There are 2 protein chains.
Amino acid sequence: MNISEAGRRAGLPAKTIRFYEDIGLIQPARMGNGYRDFSEEDLHRLAFLRRARALGFSVEECRQLLGLYQDRTRTSADVKRLARQHLQRVDDQLAELQQMRATLAHLIQACSGDQSPDCPILADLAQSAKG
Amino acid sequence: MNISEAGRRAGLPAKTIRFYEDIGLIQPARMGNGYRDFSEEDLHRLAFLRRARALGFSVEECRQLLGLYQDRTRTSADVKRLARQHLQRVDDQLAELQQMRATLAHLIQACSGDQSPDCPILADLAQSAKG
DNA sequence: CCTTGACCCTCCATCTACTGGAAGGACCAT
DNA sequence: ATGGTCCTTCCAGTAGATGGAGGGTCAAGG
């Protein structure tokens with residue numbers, strides 16, 4: 001199977017698949033003419049990668065997850081630990097974004113948004129320069 | 001004032017301040033020996049930048065915000081529009097992260113985390129490869 | 001006068017996870 | 001033979017810094 005078909009079936013752009021090969025996440029075979037030749041196994045890994053990335057795992061975590069997936073001696077504890085670490089990071093990001101959102105929403109609400117130059121948003125940004 | 005003092009007062013690393021100069025966000029004067037010489041105005045801008053960045057505005061948006069701040073003919077509507085755009089992006093990111101979080105938490109909760117190799121997290125990641 | 005240490009400078013490389021594009025080969029239909 | 005659509009590799013660029021090499025500057029101490 002060539003790269004565009006593999007991309008279509010795995011839900012990934014061809015560019016991304018080549019990149020994943022570059023960094024060693026997959027090793028598709030090659031046809032006589034040098035074209036990549038994707039097996040069902042390759043497709044499986046690609047779809048696994050797509051889904052793990054969609055859950056926000058980093059590429060290195062995806063590499064570990066693929067390793068665990070392939071490793072018959074893994075324990076679910078190993079996987080759970082990785083997932084918990086990631087969840088913690090997601091929660092940290094959420095907390096930061098929510099804090100940003102609250103401040104932004106507050107400032108926007110306070111801003112009249114009219115033709116006057118007076119703006120509490122700019123005032124707030126500048127204020128910290130003084131405080 | 002030299003760069004480390006400016007950094008201390010503005011709450012930014014010296015590296016970041018040099019970077020901001022590189023991309024034209026500030027133009028500190030130079031002393032005879034080539035050292036940067038920061039004015040109160042420079043400090044003001046740096047602190048403004050730090051705070052705008054902390055609210056998640058991109059560097060280009062920060063450039064626009066600084067421009068508006070300096071522009072006496074601005075309207076608060078201009079600023080509010082920028083802030084609203086940014087809030088929308090923050091909300092989009094929040095929605096995505098919350099979706100990730102829900103899925104992750106669900107999978108983690110379903111995983112026994114023991115010595116067995118059976119793991120619903122890996123199963124879920126692999127499943128999409130089949131579905 | 002010399003050295004030591006703490007600054008400062010510029011320039012280049014690195015990070016994440018791709019994405020875009022150039023230059024050229026392969027293949028199929030007309 | 002020619003056009004169009006695939007494929008290949010390699011290089012550059014994105015955002016926003018951050019780390020480090022290699023070297024200049026300056027004040028204090030001996």
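A polar contact is a pair of N or O atoms within 3.5 Å. The exercises below apply this cut-off and others to a predicted model.

**Exercise 1. The contact of A:R36**

Task: Decide how the side chain of A:R36 meets DNA strand D, and which other residues of chain A reach a phosphate oxygen of DNA strand D.

Solution.
Step 1. Take A:R36: a polar atom of its side chain lies 2.6 Å from a phosphate oxygen of DNA strand D. The limit for a polar contact is 3.5 Å, so the pair qualifies.
Step 2. Apply the test to A:S4, where an N or O atom of the side chain is 2.8 Å from a phosphate oxygen of DNA strand D.
Step 3. For A:R18, the distance from a side-chain N or O atom to a phosphate oxygen of DNA strand D is 3.0 Å.

**Exercise 2. The surroundings of DNA strand D**

Task: Describe the protein surface near DNA strand D by residue, by element and by class.

Solution.
Step 1. There are 19 residues around DNA strand D, and those that come nearest are A:S4, A:R36, B:K15, B:Y20 and B:R53.
Step 2. On the DNA side, 69% of the atoms within 4 Å of the protein belong to sugar or phosphate, and bases supply the rest.
Step 3. At least two residues each come from helix 1 (3-10) and helix 2 of chain A and from helix 2 of chain B. Helix 2 of chain B has the largest share, four residues.
Step 4. Sorted by class, the surface holds seven nonpolar, six polar and six charged residues.

**Exercise 3. The surroundings of DNA strand C**

Task: Repeat the description for DNA strand C, then say which part of the strand each of A:Y20, A:Y35 and A:V59 meets.

Solution.
Step 1. Around DNA strand C there are 19 residues, with A:K15, A:Y20, A:R53, B:S4 and B:R36 coming nearest. Of the atoms of DNA strand C within 4 Å of the protein, 71% are accounted for by sugar and phosphate.
Step 2. A:Y20 places a polar side-chain atom 2.7 Å from a phosphate oxygen of DNA strand C.
Step 3. A:Y35 instead meets a base: a polar atom of its side chain lies 3.0 Å from a base nitrogen of DNA strand C.
Step 4. A:V59 uses its backbone, with an N or O atom 3.3 Å from a phosphate oxygen of DNA strand C.
Step 5. The elements that each supply at least two residues to this surface are helix 2 (14-22) of chain A and, in chain B, helix 1 (3-10) and helix 2 (14-22). Four residues, the largest share, come from helix 2 of chain A.
Step 6. The classes are seven nonpolar, six polar and six charged residues.

**Exercise 4. The interface of chain A and chain B**

Task: Give the extent of the interface between chain A and chain B, and name the element of chain A that gives the most to it.

Solution.
Step 1. The size of an interface is often given as the accessible area lost when the parts come together.
Step 2. Here about 4800 Å² is buried between chain A and chain B, and carbon and sulfur atoms give 72% of that area.
Step 3. Counting contacts, 54 residues of chain A meet 54 residues of chain B.
Step 4. Between the two chains there are four salt bridges. B:R51 and A:D124 meet in a salt bridge, 2.7 Å from N to O. In addition, 20 residue pairs are in polar contact across the interface, both residues being at pLDDT 80 or more.
Step 5. On the side of chain A, helix 3 (40-54), helix 4 (59-70), helix 5 (76-110) and helix 6 (120-130) give two or more residues. Helix 5 of chain A gives the most, 21 residues.
Step 6. That side of chain A has 29 nonpolar, 13 polar and twelve charged residues.

**Exercise 5. Chain A and a salt bridge within it**

Task: Set out the elements and dimensions of chain A, then explain how A:E5 and A:R8 are placed in helix 1.

Solution.
Step 1. Chain A has six helices and two strands, in the order α-α-β-β-α-α-α-α from the N terminus.
Step 2. The radius of gyration of chain A is 23 Å, whereas a compact globule of 131 residues would be near 14 Å. Along the principal axes, the C-alpha atoms fill a box of roughly 70 × 40 × 25 Å.
Step 3. Over all chains the count is 18 salt bridges. A:E5 forms a salt bridge with A:R8, with 3.0 Å between the closest N and O atoms.
Step 4. A:E5 and A:R8 are three residues apart in helix 1 of chain A, so about one helical turn separates them.

Note on methods: Residues are numbered from 1 along each chain as its sequence is written. Chains are lettered from A and ligands numbered from 1 in the order in which they are written. Side-chain values use heavy atoms; hydrogens and water are left out. A residue is near a molecule or strand if one of its heavy atoms lies within 4 Å of it. A polar contact is a pair of N or O atoms within 3.5 Å; within protein, one must be able to donate a hydrogen and the other to accept it, and residues adjacent in sequence count only if both atoms are side-chain atoms. Ala, Val, Leu, Ile, Met, Phe, Trp, Tyr, Cys and Pro count as nonpolar, Asp, Glu, Lys and Arg as charged, and the others, Gly among them, as polar. Contact means heavy atoms within 4.5 Å. Buried area is the accessible area (1.4 Å probe) that two parts lose on being put together, summed over both. A salt bridge is a side-chain nitrogen of Lys or Arg within 4 Å of a carboxyl oxygen of Asp or Glu. The radius of gyration is taken over C-alpha atoms; the globule rule is 2.2 Å times the number of residues to the power 0.38.
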